[in-house]
There are 2 protein chains.
Amino acid sequence: MATMKEIAQAAGVSTATVSRVLNGAPLISAETAARVTAVMQELNYRPNHVARSLRTVSTRTLGVLVSNVANPFFAGLVHSIEDSASDRGLGLILGNASEQPDRQLAYLHSFLEKQVDGIIITPTGSDPGWAEEVLARKLPLVFVDRTLTGVDVPSVTIDDAAALRQLIEHLKSEGHRSAALITGPTANMPIRHRIAGFVAAAEALDFAVRPEHIIEGGVSREDGSRAVQKLLALPGERPDVIFTLNNTMALGALAELQAAGLSIPRDIAFASYDDSPWFDVLTPTVTAIAQPVSEMGRAAVELVSKIIAGEEAGPVALPATLIIRRSSERASS
Amino acid sequence: MATMKEIAQAAGVSTATVSRVLNGAPLISAETAARVTAVMQELNYRPNHVARSLRTVSTRTLGVLVSNVANPFFAGLVHSIEDSASDRGLGLILGNASEQPDRQLAYLHSFLEKQVDGIIITPTGSDPGWAEEVLARKLPLVFVDRTLTGVDVPSVTIDDAAALRQLIEHLKSEGHRSAALITGPTANMPIRHRIAGFVAAAEALDFAVRPEHIIEGGVSREDGSRAVQKLLALPGERPDVIFTLNNTMALGALAELQAAGLSIPRDIAFASYDDSPWFDVLTPTVTAIAQPVSEMGRAAVELVSKIIAGEEAGPVALPATLIIRRSSERASS
DNA sequence: CTGAAAGCGCTTACAG
DNA sequence: CTGAAAGCGCTTACAG
């Protein structure tokens with residue numbers, strides 16, 4: 001691989017001049033620039049980004065650390081972040097915590113060592129210790145989706161209070177009177193928000209959500225199945241509606257309801273947080289609260305770019321939207 | 001951020017010694033090692049990976065470039081590659097060509113400049129020119145899923161001849177006699193393989209696939225819808241089965257069949273290449289040929305690691321498997 | 001408009 | 001067992 005020194009020799013100039021041509025610095029004579037450029041092309045020169053980074057103390061690279069790429073929501077987020085970063089000429093180093101705080105910490109350290117210019121993270125676990133270390137190094141940091149209390153970090157979150165309220169209103173208008181809620185891991189801030197929002201809206205609208213019908217689920221398909229099994233085994237009246245707090249659990253819940261021979265929405269209605277492209281091919285199509293994934297990714301990149309540039313950057317909250325489909329229709333039409 | 005020099009000063013040793021302690025070099029006295037380690041901890045030292053890479057000419061980083069992360073198959077592949085790479089202590093720089101050769105080329109160049117230790121790619125387009133450039137630099141390169149003719153690059157591919165034949169056998173045994181094939185982009189090698197494999201198996205087993213029933217689809221949901229519309233508008237007898245060559249198109253095809261009021265498998269049977277977790281929640285559940293995505297990612301990382309280590313590394317072909325569900329059952333039972 | 005020189009933070013033969 | 005010194009490939013004040 002040709003180095004800058006070789007280019008300089010071949011073009012009969014100093015490396016300083018080659019560097020200036022490469023970076024489009026002003027005050028270079030047109031003919032020098034042309035000659036150097038020609039030599040670079042001829043020798044198929046590629047600048048060594050590692051050397052450049054060491055010198056300029058900037059890698060033009062973002063570290064992106066998600067809680068679990070197996071979850072389509074996070075995969076979509078990575079996609080959108082990749083898109084926006086590439087638009088800005090920023091590269092991406094990818095990390096996946098798989099919901100394990102120690103894996104998250106290992107990635108974080110590798111991000112620090114690799115001198116990333118900024119970090120976008122959906123934090124896993126609730127210990128904000130690592131964030132303080134990152135902040136102490138003055139490294140731009142942004143939370144997406146999930147947040148952590150106890151540290152002052154700008155974030156991109158979802159405002160779903162309105163959508164949750166609309167969901168309850170819709171369910172009521174269809175004649176439903178009670179719901180079960182299958183939650184995600186309550187350690188996560190947005191999950192707690194969703195639960196609180198759902199319960200608050202239900203209370204305000206006089207819609208029944210019995211305490212035993214709030215079942216702690218998780219993040220996987222199996223968590224969804226298990227929660228439905230648990231729910232169906234409960235004594236007393238069955239709720240009119242089941243609402244799952246993410247679409248991976250919806251998958252398990254729907255399979256379980258089918259296995260139990262229950263027809264949706266005739267025997268029980270259904271809705272889920274997180275939309276999925278499959279929701280309008282399922283029978284029945286599935287009512288969902290959709291998160292603006294692309295916008296979240298774009299906003300996160302914008303936020304971290306601003307911080308890198310030393311600009312002011314406040315938190316961003318993006319609205320979720322209710323998408324009404326057939327799974328939440330009234331039982332008897 | 002503390003540097004090695006500061007650690008050396010604080011510990012009263014040279015930077016060479018600090019470096020040796022850091023890298024666990026032999027021949028260091030236990031007390032020196034202990035003292036240096038203590039200082040590193042105290043000052044919260046993180047080695048600068050950029051400086052290290054410049055010196056050692058190794059970044060311990062892989063460039064991963066997929067054709068389209070929006071496709072769940074590629075997203076799964078990235079996940080699996082990330083997993084295996086992390087097990088081996090390798091970092092990941094992610095690129096997404098979005099099926100555009102010029103975007104692919106831009107990422108490739110950035111990988112070269114960032115001095116990645118190896119590249120795993122699902123090539124987009126059919127021009128192998130860029131691969132020659134990579135190979136000329138002696139940079140380890142591995143193809144996954146897709147391959148390119150005209151260059152000698154080890155690859156991880158799918159052997160689906162047997163699965164395709166089993167599919168035809170199954171369809172026949174269910175009483176079906178003819179099928180339509182909705183293809184992906186025929187510019188891609190594995191797509192051409194799938195088409196050839198399907199057609200060959202059909203011929204061998206005397207199963208009808210009329211030329212006009214081989215419809216060029218694409219990669220998106222819309223491509224799937226469009227192909228089904230085209231198929232249904234065709235004069236003459238309808239095929240007994242529709243087979244789509246990826247699950248994103250299956251989504252569009254299924255929606256379109258529903259919209260047309262056709263019941264599966266009563267009016268027309270259905271199967272798709274690429275499994276999806278949603279396929280066994282759909283009504284009916286969908287027969288599919290599944291690719292071993294995790295194994296593919298793992299094999300790709302293994303392959304590139306071997307080449308980096310200077311070992312021999314031949315191509316890997318992994319078998320696809322047929323998963324029979326209800327969408328391909330006989331029409332009248 | 002261009003060059004000589006210093007330096008980014010490490011690693012590694014070479015001595016001792 | 002440890003240190004002095006060179007050097008990886010760039011960029012950038014400082015001179016001229």
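A salt bridge here is a side-chain nitrogen of Lys or Arg within 4 Å of a carboxyl oxygen of Asp or Glu. With that in hand, let's walk through the charged pairs of this predicted model. Glu133(A) and Arg137(A) make a good starting point: their side chains meet in a salt bridge, with N to O at 3.6 Å. Both partners are tucked away from solvent, since Glu133(A) is buried at a relative accessible area of 17% and Arg137(A) is buried at 16%.

Now turn to chain B, where Glu133(B) and Arg137(B) take part in a network of salt bridges that also links Arg46(A).

Another pair to look at brings the two chains together. Asp83(B) and Arg103(A) form a salt bridge through their side chains, at 3.9 Å from N to O. Asp83(B) sits in helix α5 of chain B (residues 72–87) and Arg103(A) in helix α6 of chain A (residues 101–113), so this pair joins two chains. Asp83(B) is partly exposed, at 31% relative accessible area. Arg103(A), on the other hand, counts as buried because its relative accessibility is 19% and the cut-off for buried is under 20%.

Our last stop stays within a single helix. Glu169(B) and Arg165(B) both belong to helix α8 of chain B (residues 161–173), where they lie four residues apart, about one turn of the helix. Their closest N and O atoms are 3.3 Å apart in a salt bridge. Here Glu169(B) is partly exposed, with a relative accessible area of 37%, and Arg165(B) is partly exposed too, at 38%.

If you would like to keep exploring, a search of the whole structure finds 23 salt bridges over all chains.

How values were computed
Residues numbered from 1 in each chain as written. Chains lettered and ligands numbered in written order. Predicted model: local features only at pLDDT ≥ 70, side-chain atom pairs only at ≥ 80, totals over all residues. Heavy atoms only, no water. Buried < 20%, exposed > 50% of the residue type's maximum accessible area, 1.4 Å probe, protein only.
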